[in-house]
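Here is a short briefing to read alongside the structure. Keep the viewer open and follow the bullets at your own pace.

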Amino acid sequence: MTEPRKMYYDAGRHPEGSSYGPYRFQWEAFAAVIFDRMGIHNVFGENMKNVNYHWLYDMRPDGFRMKEGDEPTFSAANYFYYMGTERRSAMIVGSLFKDPYIRGRYLKESASGGYVNDYFWTVLFDDPEVGAKEPYDLPLTEFNGWPLSGMVARTSWQDGLDSPAVVASVTMKAINTGDHMHRDAGAFSIYYKGALAIDSGEYQGQSGGYGYPHDMNYNKKSIAHNVVTVYDPDEKDNQVLSSTNDGGQRYPRTSGMAKTLEELTADDAILAEEKAHSAGPNDKTPEYSYLKGDLTKAYTDKITDYKRSFVFLNLDDEDYPAAAVVFDKVDSKKKEFKKKWLLHSIEEPDVEGDTTTIARTEYGFDGKLVNKTLLPETKNLSIEKIGGSGKEFWVENQNFANAPK
């Protein structure tokens, strides 16, 4: 079994949770190098560098990261512009831990452009003797351990518009710090020659950003992610910090961010538990990558048992490079609670019987995802397309519109 990376974790900054995580994480990187130069080495521990490895694995061939939590770069950046918000921390952490892969990512992002004052930080903190490496010889699958358990699986490390790389990410995170994190335990995303199964929602847009109606009623809620919703018409708990009942996951607190570690890890604050993970038979170029989690606690007692399994298959085929199997076993308190299996896309999908086809055709992309619904049986199945003008961000018969800036 491939061992998960142990993630450095600061409850106040959740560096794995959003684009603001890398922005904030750079200050901890500054602190680490200051302590190091005073003779106190690895003040935050060896696992600090694993955060940068997660961002390395999360990078899509088009220069974006797999979207997770609030992501301002999706409203501001251009495709194939390899500039992540983790650039400075990659420079410092790569040099501090003498890691050429992390420093290589810093150099690649810097080559795409950067802040003028990065030259100042480079003189102070960059160590050219570390060298730089592309990640081509790293394992294609990464597992993350508690508290933000998850998996990123790839078929290759190639970048660019014509990259044949398929990237899939899935999270089984046990906790939600609040702030920039979303109610998306169990969510998955898939990229192949364009973003296909996406994490929906706008963090910053023409109708406002953080804390505005779109953000609180759609973007941060389960309805914007590839998860299962179970609609209890009388439920109020999943309306904390919002006015809509989307049938989704609960919020672990009645307020915003967790203020203490005890509050963050209390029994009633735990949302999910990883049950199993595996990749193989070759750890470096696995044919399969597997993650299973128990998501029961991510919801109110409307769900009595819920386990999601996700298998990614590297098919090593030019025409059909990868496949994924998602299996959900959901037991609800009442049979009549309506269950929805959500799959988000940018362009309108084509639905024919039990088959949904998603394509990405804009900006030179030409990827395609074909989703075959195996359960429930066709006679018990209803696939509904929701979207288009006036229904881009639809919740409870209301559209929380927010166009990109």
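Phe310 makes a good starting point in this predicted model. Setting aside residues up to four places away in sequence, Phe310 touches Met151, Ala168, Val170, Phe188, Ser289, Tyr290, Leu291, Ala324, Val325 and Val326. Phe310 also belongs to the largest nonpolar core, where the bullets begin.

**Nonpolar cores**

- The largest nonpolar core has 39 residues, and those touching the most other members are Val170, Ile190, Tyr218, Tyr299, Tyr306 and Phe310.
- Two or more residues of this core come from each of β2 (150-154), β3 (166-171), β4 (188-192), β5 (195-197), β6 (228-231) and β9.
- Strand β9 is the top contributor to this core, giving 4 residues.
- Another core, of 32 residues, lies apart from this one, and its members include Ala32, Trp55, Leu56 and Leu96.

**Strands around β9**

- Strand β9 (residues 303-314) runs antiparallel to β8 (residues 288-294), and 7 bridges join the two.
- Within that pairing, Ser289 has Phe312 in β9 as its bridge partner.
- Strand β9 is also joined to β10 (residues 322-332), again antiparallel, by 11 bridges.
- Here Arg308 finds its bridge partner in β10, namely Asp328.

**The five-stranded sheet**

- An open sheet is built from 5 strands in the order β1-β2-β3-β4-β5, with antiparallel pairing.
- Strands β1 (141-144) and β5 are the edges: each has a single partner strand, so one side of each is left without a neighbour in the sheet.
- From one strand to the next, the twist averages 15°.
- Inside this sheet, β3 and β4 run antiparallel and are joined by 5 bridges.
- Val167 stands opposite Tyr191, which is in β4.
- Helix α2 (residues 48-57) packs on the sheet through contacts with β1, β2 and β3, and the direction of α2 makes about 135° with that of β1.

**Helix α4**

- Is helix α4 (residues 87-96) mostly covered or mostly open? The helix is mostly covered, with 10 of its 10 residues buried.
- The buried residues of α4 are a mix of side chains, including Arg87, Arg88, Ser89, Met91, Ile92, Val93 and Leu96.
- Leu96 of α4 is also one of the residues in the core of 32.
- Just past the end of α4, Lys98 adopts a positive phi of about 55°.

Terms used
Residues are numbered from 1 along each chain as its sequence is written. This is a predicted model: local features need pLDDT of at least 70, side-chain atom pairs count only at pLDDT 80 or more; totals for chains, interfaces and linings use all residues. Side-chain values use heavy atoms; hydrogens and water are left out. Buried means under 20% relative accessible area, exposed over 50%, partly exposed in between (1.4 Å probe, protein chains only). Two strands pair if DSSP finds at least two bridges between them. A nonpolar core is a set of buried Ala, Val, Leu, Ile, Met, Phe, Trp, Tyr and Cys residues joined through side-chain atoms within 4.5 Å. Contact means heavy atoms within 4.5 Å. Axes are lines fitted to C-alpha atoms, for helices over the stretch in contact, and angles run from 0 to 180 degrees between N-to-C directions.
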